[in-house]
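New to this one? Have a look at the chain first, and then we'll walk through how its inside is put together.

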Amino acid sequence: MKKLIVFDLDGTLAESKAAVDKEMAKLFHDLLKVARIAIISGGAWPQFEKQVIAHLPLGSDLSKLSILPTCGTQFYSYEKGDWKKLYAENFTDAQKQKIETSLKKAVEQSGFKAEKTWGDQIEDRDSQITFSALGQQAPLEPKKAWDPDFKKRKKIKILLEKMIPEFAINLGGATSIDITKPGIDKAYGMHKLEEVLKIGIADMLFIGDALFEGGNDHPAKTTGADCIQVRDPEDTKIIIQTVITCQK
């Protein structure tokens with residue numbers, strides 16, 4: 001019996017940058033009746049509002065939901081009818097400039113520069129810099145086809161690690177590379193959940209689609225928490241249904 005169920009967002013609860021569907025929203029509502037929930041994702045706060053919170057049924061117990069944007073570099077909780085930011089591990093302007101310059105250079109050197117993009121490729125999320133190979137507004141199908149086995153991004157990651165070894169670099173979503181301060185990742189977020197909610201790691205279950213080494217969910221695995229790898233949101237729905245049944 002787990003006291004806290006922790007989810008990744010893109011590829012786990014919903015397709016990349018898409019909203020949770022009605023079935024997932026209802027399952028989330030039902031899960032909140034029997035357990036606390038947290039979401040740790042590379043996305044910025046507005047993505048959580050747009051993809052998840054806006055679609056939850058009326059009456060969902062938001063006081064039992066914790067939101068950790070940008071791979072755990074920020075923490076939001078619902079208190080007295082509103083969302084409150086508990087902390088943010090933001091970059092300095094100099095750090096942001098170095099990361100963005102290195103990203104452009106690494107992509108060029110990798111030979112995987114996209115021929116067509118939709119919107120900006122590099123997004124400043126204050127506590128995280130995210131590179132989206134096809135752009136922030138790319139349609140889902142081209143994103144799925146670009147790097148399904150993560151090989152392109154792994155090559156870019158190797159180049160980046162030589163250029164900016166002082167930062168943490170992880171792969172996430174369908175085409176993304178997330179860069180944060182060292183030690184500020186989903187493991188950091190898991191331990192922050194432990195500290196804030198007073199729930200031990202052994203009482204947590206993490207569910208994500210990128211638990212492999214180098215994936216942005218992998219740090220959660222290093223905490224010793226029980227983890228389940230999923231292929232897509234449909235896998236996640238089955239797990240949630242099972243958890244609800246077991247928790248009752």
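What follows is a short tour of the nonpolar cores, one enclosed helix and one helix pair.

Keep in mind that this is a predicted model.

Let's start with the largest nonpolar core, which has 32 residues. Those with the most contacts inside it are F7, F28, L31, I39, L65 and I67. At least two residues of this core come from each of β1 (4–7), α1 (22–31), β2 (36–40), α2 (45–51), β3 (65–68), β10 (204–208) and α9 (233–247). The largest share, five residues, is supplied by α1.

So what about α1 itself? Seven of its 10 residues are buried, so α1 is largely enclosed by the rest of the structure. The buried ones are M24, A25, L27, F28, H29, D30 and L31, and they pack against β1, β2, β3 and α9.

Another member of this core to look up is I67. Which residues is I67 in contact with, leaving aside its neighbours within four places in sequence? They are I39, W45, F48, I53, Q74, F75, Y76 and W83. Apart from this core lies another one, of 22 residues, with I99, A106, F131 and I169 among them.

Now for the helix pair. Two packed helices are described by the angle between their axes and the distance between the axes. Here the axes of α4 and α6 come within 9 Å and cross at roughly 135°. Because of that angle, α4 counts as oblique to α6. The crossing of α4 and α6 is right-handed.

Here is who takes part on each side:

| Helix | Residues | Residues making the contact |
|---|---|---|
| α4 | 93–110 | K98, S102, L103, K105, A106, V107, Q109 and S110 |
| α6 | 151–163 | K155, I156, L159, L160 and M163 |

The residues of this contact divide into seven nonpolar, three polar and three charged.

One residue is worth a visit of its own: A106, which sits in helix α4. Is A106 buried or exposed? With a relative accessible area of 0%, A106 is buried, because buried means under 20%. Leaving aside neighbours within four places in sequence, A106 is in contact with I156, L159, L160 and M163; these four residues are also listed on the α6 side of the helix contact. A106 and E161 are 55 residues apart in sequence, while their C-alpha atoms are 9.6 Å apart in space. A106 also belongs to the core of 22 residues.

Definitions and conventions
Residues are numbered from 1 along each chain as its sequence is written. This is a predicted model: local features need pLDDT of at least 70, side-chain atom pairs count only at pLDDT 80 or more; totals for chains, interfaces and linings use all residues. Side-chain values use heavy atoms; hydrogens and water are left out. A nonpolar core is a set of buried Ala, Val, Leu, Ile, Met, Phe, Trp, Tyr and Cys residues joined through side-chain atoms within 4.5 Å. Buried means under 20% relative accessible area, exposed over 50%, partly exposed in between (1.4 Å probe, protein chains only). Contact means heavy atoms within 4.5 Å. Axes are lines fitted to C-alpha atoms, for helices over the stretch in contact, and angles run from 0 to 180 degrees between N-to-C directions. Angles under 35 degrees count as roughly parallel, over 145 as roughly antiparallel, 65 to 115 as roughly perpendicular and the rest as oblique. A crossing is left-handed if the near helix is turned anticlockwise from the far one by less than a right angle, and right-handed if clockwise. Ala, Val, Leu, Ile, Met, Phe, Trp, Tyr, Cys and Pro count as nonpolar, Asp, Glu, Lys and Arg as charged, and the others, Gly among them, as polar.
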